[in-house]
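Me: Got a structure I'd like to poke at with you. Mind if we go through it piece by piece?

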Amino acid sequence: MEQTTFDLSLPIAIGSDHAGFDYKEEVISWLEGKGVQVKDFGTYSVDSVDYPDFAHPVASAVEDGTHAFGILICGSANGVAITANKHQGIRAAICWGDELARLARSHNNANVLCIPARFVSVPTATEMVDVFLSTPFEGGRHENRVKKIACM
C-alpha cells in the first residue's frame, strides 16, 4: 500500500501564477506559522506569467519524493491541475472546499492540492490546506482505483 500520510519532515512545494500570487503568499505565511517547511517555486509577483512554468517544478518536486506534497494556485485551478497531472506520479485535485480536500486525500490519495483563487476566500484556502495535510489516504477499496489511474 502507498504511504497513507504525508512526511512533514519534508517541505511542502508551492507555486502559483499571477492570479494566485496573493493567496500563495497567505498560504505560505499560514504554513510557516504552523512550523511547516515550505519551498516556494514562484511566481514572485502579480506580473502576468504562464502557469506551467510553476506547475511543472512543483509537480516534479513532489514526484521525485523531495517534498511532502504540493500546492498550486491559479485563477480557476484548471490550468495548474491539468499541467501537474501530466506527471506520472502526480494526482492533482481541484478543490474549493474542505470536504473536497478531505475526499481528494482519503479516496484519491491526491498529492497536489489545486486552489482556484478567484472562487474561494483565503480562509477557505487555508482550511483546505489544513484538511489536505492532515487527512490520510484510506487505502482499501480506494487503493485499487488509484492504482488504475496511471497510464501504462
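Me: Before the rest, is Asn109 buried or exposed?
Reply: One caveat up front: this is a predicted model, where local features need pLDDT of at least 70, side-chain atom pairs count only at pLDDT 80 or more, and totals for chains, interfaces and linings use all residues. Residues are numbered from 1 along each chain as its sequence is written, and side-chain values use heavy atoms, with hydrogens and water left out. Asn109 sits in the loop between H4 and E5 (helices, H or I of at least four residues, and strands, E of at least two, are DSSP runs numbered from the N terminus). With a relative accessibility of 3%, against cut-offs of under 20% for buried, over 50% for exposed and partly exposed in between (1.4 Å probe, protein chains only), Asn109 counts as buried.

Me: And what is the phi of Asn109?
Reply: Asn109 comes right after H4. It isn't a glycine, yet its phi is positive, at about 50 degrees.

Me: Which elements do the buried residues of H4 pack against?
Reply: H4 covers residues 98-108, and its buried residues are Ala101, Ala104, Arg105 and Ser106. Contact here means heavy atoms within 4.5 Å. Those buried residues pack against strand E4 (92-94), helix H5 (122-134) and helix H6 (141-147).

Me: What is the strand order in the open sheet?
Reply: There are 5 strands with parallel pairing, where two strands pair if DSSP finds at least two bridges between them. E2 (38-40) and E4 are the edge strands, each pairing on one side only, and the twist averages 20 degrees from one strand to the next. The order is E2-E1-E3-E5-E4.

Me: How many bridges join E1 to E3?
Reply: E1 spans residues 12-16 and runs parallel to E3. Ala13 stands opposite Gly70 in E3. The number of bridges joining E1 to E3 is 4.

Me: What angle does H5 make with E5?
Reply: H5 lies across E3 and strand E5 (112-116). Axes are lines fitted to C-alpha atoms, for helices over the stretch in contact, and angles run from 0 to 180 degrees between N-to-C directions. On that scale H5 runs to E5 at about 165 degrees.

Me: Are H1 and H5 oblique or parallel to each other?
Reply: Helix H1 (residues 21-33) packs with H5 at an angle of about 50 degrees, with axes 10 Å apart. Angles under 35 degrees count as roughly parallel, over 145 as roughly antiparallel, 65 to 115 as roughly perpendicular and the rest as oblique. So H1 is, relative to H5, oblique.

Me: Which residues of H1 and H5 make the contact?
Reply: They divide into 8 nonpolar, 1 polar and 2 charged (nonpolar is Ala, Val, Leu, Ile, Met, Phe, Trp, Tyr, Cys and Pro; charged is Asp, Glu, Lys and Arg; polar is the others, Gly among them). H5 brings Val122, Ala125, Thr126, Val129, Asp130 and Leu133. From H1 come Tyr23, Glu26, Val27, Trp30 and Leu31.

Me: What is the relative accessible area of Ala77?
Reply: Ala77 is in the loop between E3 and H3, with a positive phi near 75 degrees. Ala77 is buried, and its relative accessible area is 0%.

Me: Which residues is Gly75 in contact with, leaving aside its neighbours within four places in sequence?
Reply: Gly75 is found in the loop between strand E3 (70-74) and helix H3 (78-84). Gly75 is buried too, at 4% relative accessible area. The contacts are Asp17, Ala19, Pro116, Ala117, Arg118 and Phe119.
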